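User: Can you walk me through the empty spaces in this model? I'd like to start with a pocket.

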Amino acid sequence: MNHVDRLNEAEKYLQVKETEVKESHWRLHYHVAPRAGWMNDPNGFCYFNGEYHLFYQHHPFSPFWGPMYWGHAVSKDLASWKHLPIALAPSEEYDKDGCFSGSAIEEDGKLYLMYTGNEWTGDNHDDDLRQVQCLAVSEDGIHFKKLKENPVISAAPEGNIHPFHFRDPKVWKKDNVYYCVLGSKTKENEGQVLLYRSENLMDWECINIVAKGEGNFGYMWECPDIFQLNGKDVLLMSPQGVKPEGNLYHNLHQSGYVVGQLNYDTGVLEHGDFQLLDYGFDVYAPQTTIDDKGRRIVIAWMNMWVSLMPEQNHGWAGEMTIPRMMELKDEKIYCRPVPELDTLREDGVYYQNVMVDGKLELANVQGKCLEMKITFDAKKATVFGMKLRVNLELGEETVIFYDIKKEILTFNREHSGAGPKGVSHAPIKLINNRLQLQLFLDESSLEVFIQDGEKVMTGRIYPNLKSEAIQIFSEGEVEVVELAKWGMKPAIS
Ligand code: FRU
């Protein structure tokens, strides 16, 4: 089958399945998820012809990972999204087992997608594979043709570079030259990132290994991204196989960044220490773009490999985070929800100066699909926080609480319902004795922005559809200085 036939076949299948999937009570109202079937990494996130395009790794034929297609959604404002037809399907010798992750770049009014063509050469998917880098182009941002020059990078470079694990091109342009980074590993299984240069998008030369993991930094770095924030160069990447250290790195794989200065001639990034992008459970393969307002925006896959995904029983799997704006302060990335999401708010409920000692439920503060902003003054409390998606009869609750002594915010999903369990921690300092949280709940997910974006905790939760109560609690007196809660309008069509 040729590319167009493969796309049509998948489209037909999806059109039937997407009706079934709508019945799932874990479907999201304002987060991008696949129409049906499986989703992983965001791909080709870009601002093109006045719209944000978000592509994603997609297996339309089942809610499990399989030969990868590129799903596609588009938004005028980063708040409401519309699904578009699938953009890429495996169809050629060089990508017959999957169009793996990649990115987008505009050139001469056309949109180019650069992605990894994957081919299995045997049964062991760790060793028996060939990965090459490819291009597809579109005039309208919807219909894509693969280039006859493909693959444009057909083999990994010489040196201490694994010949086959070599993927996820993120491309950008600087001073009329194209650059791209690729995820890679050494022959001894240490993660690293390669930097390439090209004059024309077709002919690429490897400049250098731009950064490399030393010590406990995993066996492979996936999905790299390089961009500037505040005059500094940031390398964002997803290391696989970092071992837990204290409260950190308890997820199977990590996503994080280093900040420094990239020398484009030598191809080396001098950088500081690795920082996590998110302190929750489910953020992987984040990808950024810059928009017409000069904002650097990031979206990530809101799942983790090998994690339980109970929505698979409903014919779909996977979700994207809300778009988050990145800023650099003191060499750390702050992530805040894009302000456009405010347009989805409805039915606001507001409270001020509420004292809590013990447990409290506030009238009209409950729900499954909402945004909430809350500022606590810790007063004399030792521990305080909130329980979300509570159902006493079912024993369900998802707990976010702060321990003053330990200076740790905890996200506990041990009793969240079906799905993965666990506890995750973020080191947080009170500011003037206050803790400020902004939470986004959407049927099967929770994102918690802490101290105005200083840290974020993200996780999938799968409560019963009747688990809707919200409780504020404390040991010792705490003041809710301000609380605002809004319902969120449905934003995906
Ligand atoms: C990251 C990843 C990428 C790869 C894609 C395949 O989650 O493993 O490295 O391109 O997923 O779906």
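User: What's the class make-up of the lining of the second largest pocket?

Analyst: This is a predicted model. By class, that lining has 9 nonpolar, 10 polar and 7 charged residues.

User: And what's the volume of that pocket?

Analyst: The second largest pocket comes to about 510 Å³. Of the 26 residues lining it, Phe100, His165, Arg167, Glu222 and Gln240 are the closest to its centre.

User: Which strands supply at least two residues of that lining?

Analyst: β1, β5, β7 (129-138), β9 and β13 each do. β13 gives the most, with 3 residues.

User: OK, switching to the ligand. Which pocket is the space it takes?

Analyst: The ligand takes the space of the second largest pocket, the one we were just on. β1, β5, β9 and β13 are the elements that give two or more residues to the shell around the ligand.

User: How many residues surround the ligand, and which are the closest?

Analyst: There are 13 around the ligand, and the closest are Asp41, Gln57, Arg167, Asp168 and Glu222. By class, that shell splits into 6 nonpolar, 3 polar and 4 charged.

User: Take the side chains of Asp168, Glu222 and Trp65. How far are their N or O atoms from a ligand oxygen?

Analyst: For Asp168, a side-chain N or O atom is 2.5 Å from an oxygen atom of the ligand. For Glu222 the distance to a ligand oxygen is 2.7 Å, and for Trp65 it's 3.0 Å.

User: How much of the ligand's accessible area does the protein cover?

Analyst: On its own the ligand has 320 Å² of accessible area, and the protein covers 95% of that.

User: Now the largest pocket. What's its volume, and what's nearest its centre?

Analyst: Its volume is about 640 Å³. The lining runs to 31 residues, with Trp172, Phe227, Thr289, Ile290 and Arg296 nearest the centre.

User: Which elements give two or more residues there?

Analyst: For the largest pocket, those are β1, β5, β9, β13, β18 and β21 (324-329). The lining residues divide into 17 nonpolar, 5 polar and 9 charged.

User: Let's do cavities. How many are there of 30 Å³ or more?

Analyst: The structure has 4 of them. The largest holds about 80 Å³ of space. It's lined by 13 residues, and Asp168, Cys223, Pro224, Pro286 and Gln287 are the closest to its centre.

User: Asp168 again, nice. Which strands give two or more residues to that lining?

Analyst: β1 (37-48), β5 (99-107), β9 (166-174), β13 (220-229) and β18 (284-290). By class, the lining of the largest cavity is 6 nonpolar, 4 polar and 3 charged.

User: Last one: what lines the second largest cavity, and what's its volume?

Analyst: That cavity has a volume of about 60 Å³. Asn251, His253, Gln254 and Ser255 are part of the lining, along with Leu276, Asp278, Gly280, Phe281, Asp282 and Val283.

User: How does that lining divide by class?

Analyst: The second largest cavity's lining has 3 nonpolar, 5 polar and 2 charged residues.

User: Can you remind me where Asp168 and Glu222 turned up?

Analyst: Sure. Asp168 is one of the residues closest to the centre of the largest cavity, and Asp168 is also among the closest to the ligand. Glu222 is likewise among the closest to the ligand, and Glu222 is one of those closest to the centre of the second largest pocket.

Notes. Residues numbered from 1 in each chain as written. Predicted model: local features only at pLDDT ≥ 70, side-chain atom pairs only at ≥ 80, totals over all residues. Heavy atoms only, no water. 1 Å grid on protein atoms, 1.4 Å probe; cavity = no way out; pocket = protein on both sides within 12 Å on 5 of 7 lines; lining within 4 Å. Points joined across faces, edges and corners; volume = space filled by probe spheres on them. Helix = DSSP H or I, 4+ residues; strand = E, 2+ residues; numbered from the N terminus. Nonpolar A, V, L, I, M, F, W, Y, C, P; charged D, E, K, R; others polar. Near = heavy atom within 4 Å. Polar contact = N/O pair within 3.5 Å; in protein donor to acceptor, adjacent residues only side chain to side chain. Areas by Shrake-Rupley, 256 points an atom, 1.4 Å probe, with all protein chains shown as cover. Sits in = over half its atoms within 2 Å of the grid points.
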